Amino acid sequence: MMLMRFWKKKIAKYTNTKYCALLNSGTDALTLALYVAGIKRNDEVITCSNSFIASAAAIVHLGAKVTFVDVKEDQNMDPKLIEAKITNKTKAIMPVHLTGRICDMPSIIKIAKKYNLKVIEDAAQSFGSKYKNKHAGTFGDIGCFSLHPLKNLNGIGDGGLIITNNKEYYERIRSLRNHGIRDRNNVDEFGYVSRYDSLKASILMDRLKNLKFVINKRRQNAKIYKKLINNPNVFIPDEIKSEFNTYHTFVVQVKKRSELIKYLKKNGISTAIHYPIPIHLQKAFTKKNIQKLKLPKTMKQSKEILSLPINQFMTNKELEYISNKINNFYK
Ligand SMILES: Cc1ncc(COP(=O)(O)O)c(C=O)c1O
């Protein structure tokens, strides 16, 4: 137990926050964060449709309504479109820091303050990402992360965490993850089971020591791609000066996507699409008015996005090979 407290302090220190609670998944982190922030049945929460399903699922499971807003060229929430979506039922904004790129948080926080909305950051893909040197997950009320094996800071098996400067939120989430228990014999409220055991936590801390290498190598890989891929048919969103992106994925937007995928596969290069079907078009959303939503950039990107290999074990030769193949394809 002592050991675990030490680890949690390390994560809080790394992100420059006061409190950190380890949980069973990033989805639990989002759900419990929304719950302690007071989101309940019929409230509305604004988020994006181009995310992993969990962003919306956490909102839906609390009985609240998901309001989708479109994104910018860089795939992140467009702050200019948020105000038009706010109603008297809107209670929170959930920006998603997709691909390891942080959203325009100063603009989002400004709107949240104006309308007295909570901000729960879905930073599942962005541990270590920064905006003007401030960590993802530290702009809003609670930052939520996934520790899934595919993430840059990855544990063994499922896992997640929240960071916050709000002691009340932290203590409530700590209690809720363990049946709502306050102490040995007292239960404050009905909770859940979302504990992260000490064995997993100690392995996670080993991974935390390695995170700087992981992030730097991924950033170097991205730099090489940006230098070498040189074709108007491939759009690579810029990393602007105030951003420090951690490249959980390296997503380009391309023309003739399916042909390119086939060509790359033939040449031994595997790619992926994160995510081909926007959340509002998933079968899980049966309400037709949601499926009819107009989200032009989200839709366009869903047809053009392609994730290239970016992991920290890649060699420069492999990155050059992939870049050359992409350039050759469009020749
Ligand atoms: C943007 C986003 N939100 C939430 C989650 C959910 O995290 P987990 O799989 O740990 O529950 C993920 C995981 O992939 C994610 O990418």
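The shell around the ligand is made up, by class, of nine polar, four nonpolar and two charged residues. The model is a predicted one, and in it Ser25, Gly26, Thr27, Ala124 and Ser146 come nearest to the ligand among the 15 residues around it. Two helices take part in this shell with at least two residues each, namely helix 2 (26-36) and helix 3 (54-61).

Helix 2 appears again in the interior of the protein. The largest nonpolar core has 65 residues, and those touching the most other members are Ala33, Leu34, Ala92, Ile120, Cys144, Leu161 and Ile162. Helix 2 provides the largest share of this core, with seven residues. A second core lies apart from it and holds 17 residues, including Val252, Val254, Leu319 and Ile322. Such groupings fit a broader pattern: in soluble globular proteins, nonpolar side chains tend to be buried together.

Ile120 offers a helpful place to look into the largest core. Leaving aside residues up to four places away in sequence, Ile120 touches Leu30, Ala33, Leu34 and Ala37, along with Ala92 and Met94, and also Gly140, Asp141, Ile142 and Cys144.

Turning to the chain as a whole, the secondary structure comprises 10 helices and 15 strands. The C-alpha trace spans about 70 × 45 × 35 Å along its principal axes. For 331 residues, a compact globule would be expected to have a radius of gyration near 20 Å, and the chain agrees with this because its own value is 20 Å. Buried residues make up 44% of the 331. Among contacts with a separation of 6 or more, 68% are between residues 24 or more positions apart.

The domain assignment divides the chain into domain 1 (2-205) and domain 2 (211-330). Taken over C-alpha atoms, the centres of the two domains are 24 Å apart. Contacts between the domains involve 26 residues of domain 1 and 25 residues of domain 2. On the side of domain 1 that touches domain 2, 11 residues are polar, eight are nonpolar and seven are charged.

Several local features of the backbone also deserve a look. Helix 7 (residues 257-266) lies largely in the open, because one of its 10 residues is buried. After helix 7 comes Gly268, with a positive phi near 80°. In the loop between helix 7 and helix 8 (288-291) sits Tyr275, and the peptide bond leading from His274 to Tyr275 is cis, its omega being near 10°.

Positive phi values are found in residues other than glycine as well. Thr99 is one of them, with a phi of about 70°, and its place is in the loop between strand 4 (90-93) and helix 4 (105-114). Thr99 has 23 C-beta neighbours inside 10 Å and therefore counts as buried, given that the cut-off for a buried residue is 20 or more. Lys132 likewise has a positive phi, near 50°, and is found in the loop between strand 6 (130-131) and strand 7 (134-135). With 11 other C-beta atoms within 10 Å, Lys132 is exposed, since that label applies at 12 or fewer. Of these two loop residues, then, Thr99 is buried, whereas Lys132 is exposed.

How values were computed: Residues numbered from 1 in each chain as written. Helix = DSSP H or I, 4+ residues; strand = E, 2+ residues; numbered from the N terminus. Rg over C-alpha atoms; globule rule 2.2 N^0.38 Å. Contact = placed C-beta atoms within 7 Å. Near = placed C-beta within 6 Å. Nonpolar A, V, L, I, M, F, W, Y, C, P; charged D, E, K, R; others polar. Core = buried A, V, L, I, M, F, W, Y, C linked by C-beta atoms within 7 Å. Domains from an automatic or database assignment.
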